[in-house]
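Me: I'd like to learn how to read empty space and helix packing in a model. Could you walk me through it?

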Amino acid sequence: MLLLFIIYIAFISLGLPDAVLGSSWPVMKNDLNASLEFAGVISLIISAGTVLSSLYVTKAIHYVGIGKVVALSVLLTAIALLGFSMSNVALALVFLAIPLGLGAGAVDAALNNFVALHYKAKHMNYLHSFWGVGATAGPLLMANYLTLSEGWRDGYATIAVVQLLLVILLFSSLPLWKKFVVKSLESNDTGGVLVSNATALKIKGVPLQMAAFFCYCSIEMSTGLWAASYLTTQRDVLAADAAFWVAMYYLGITAGRFACGAIAEKITEEALIRAGVFIILLGCILLALPFFDGLAKMGLILIGLGCAPIFPNTLQMTPKRFGSAASQTIIGLSMASAYIGIMIVPPVLGGAATVFTFGSLPVILVFLSVIILVTTERLRRYSNTSLR
């Protein structure tokens with residue numbers, strides 16, 4: 001249980017910096033003489049780093065071990081965040097975004113597979129709930145520092161210190177990791193062969209899971225990014241009110257994952273995933289209905305609640321569907337697909353909104369939800385698929 005507690009703390013730490021750039025950039029850009037849109041460049045590089053590390057974390061774990069990979073990856077993020085706090089030019093953030101993305105992606109992929117292999121579904125749902133705690137706490141912490149002159153520097157420095165404390169904890173816990181040595185790259189039926197990305201892609205069902213992750217993260221990020229714009233432009237909701245309901249959307253994800261953890265031993269992962277997809281579809285329909293604003297706001301909360309079980313429970317099912325030997329590689333590929341979706345779809349959706357209107361948001365979300373429904377339903381056919 002001690003190691004699980006450390007993993008939970010690691011996921012809170014993983015979530016801490018995720019939403020901080022957006023909340024601090026309006027102040028940071030003035031101090032660094034940068035443009036408003038430059039934050040998008042930094043975010044894109046961070047995402048590219050997460051894709052790259054997700055694809056190569058399997059080899060790193062194979063040669064170094066999961067405990068050291070997680071500890072060194074968190075150290076990378078701590079150094080990057082400390083660098084953010086000391087930067088005087090915007091260009092420095094571009095270079096610092098590289099280790100930040102590489103570290104975050106490796107921690108995400110490694111810990112997700114570790115929990116999927118060694119713990120129950122409820123722990124996976126709780127794990128991602130704690131990410132939500134970190135993602136909520138980060139902007140709140142930064143908001144407290146932004147009231148001070150150049151307080152964003154102290155905000156980033158504080159988060160970096162938290163990460164460095166976690167690094168110390170992770171290195172001191174290395175003996176605990178050895179008790180749970182992950183043999184995800186070796187199994188009796190593969191002769192201890194390292195499962196490459198190319199080999200994993202040939203396993204039936206893996207492309208379906210990658211498509212599901214691509215669409216899921218596209219929905220989660222696009223809703224969080226553009227829902228406020230939709231409410232203000234299409235429903236004439238005040239900006240402050242729209243921001244509140246976006247916060248309620250994220251609260252729906254976090255609370256929903258805690259709830260899924262509580263009921264995970266009574267309801268199967270596949271049932272939770274199916275319920276989540278249908279709740280998202282219902283939420284998208286309410287968001288699109290033109291009758292009154294209350295329905296759109298309720299739809300936003302339902303989308304958040306529907307998102308809650310899909311990501312963690314699909315990860316939890318990976319070793320069961322494809323075997324523990326290939327699960328780390330497949331989770332790495334899945335995470336890479338998820339980050340690519342985050343990189344591509346939200347900007348494309350924003351571009352579509354400028355050509356048409358933000359009224360297209362619910363329609364696109366429904367389309368992505370249908371793809372998730374089709375792919376997750378087809379994934380139900382696979383159980384402990386062997387390499388072939």
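Me: How many cavities of 30 Å³ or more does the structure hold?
Reply: Rolling a probe the size of a water molecule over the atoms shows where empty space is left. On a 1 Å grid over the protein atoms alone, a cavity is a set of points where a 1.4 Å probe fits but cannot get out; its volume is the space filled by probe spheres set on the points, which are joined across faces, edges and corners. Here there is one cavity of 30 Å³ or more, and the largest has a volume of about 30 Å³. Do keep in mind that this is a predicted model, where local features need pLDDT of at least 70, side-chain atom pairs count only at pLDDT 80 or more, and totals for chains, interfaces and linings use all residues. Residues are numbered from 1 along each chain as its sequence is written, and side-chain values use heavy atoms, leaving out hydrogens and water.

Me: Which residues line the largest cavity?
Reply: Lining residues have an atom within 4 Å of a point. In this case they are Ala212, Phe213, Tyr216, Ile310, Phe311, Thr314 and Thr376. Two or more of them come from each of α10 (206–234) and α13 (293–322), with helices being DSSP runs (H or I, at least four residues) numbered from the N terminus.

Me: How do the axes of α3 and α14 cross?
Reply: Axes are lines fitted to C-alpha atoms, for helices over the stretch in contact, and angles run from 0 to 180 degrees between N-to-C directions. The axes of α3 (residues 38–64) and α14 (residues 324–355) come within 9 Å and cross at roughly 175°. That makes α3 roughly antiparallel to α14 (over 145 degrees).

Technical notes
Parallel < 35°, antiparallel > 145°, perpendicular 65-115°, else oblique. 1 Å grid on protein atoms, 1.4 Å probe; cavity = no way out; pocket = protein on both sides within 12 Å on 5 of 7 lines; lining within 4 Å.
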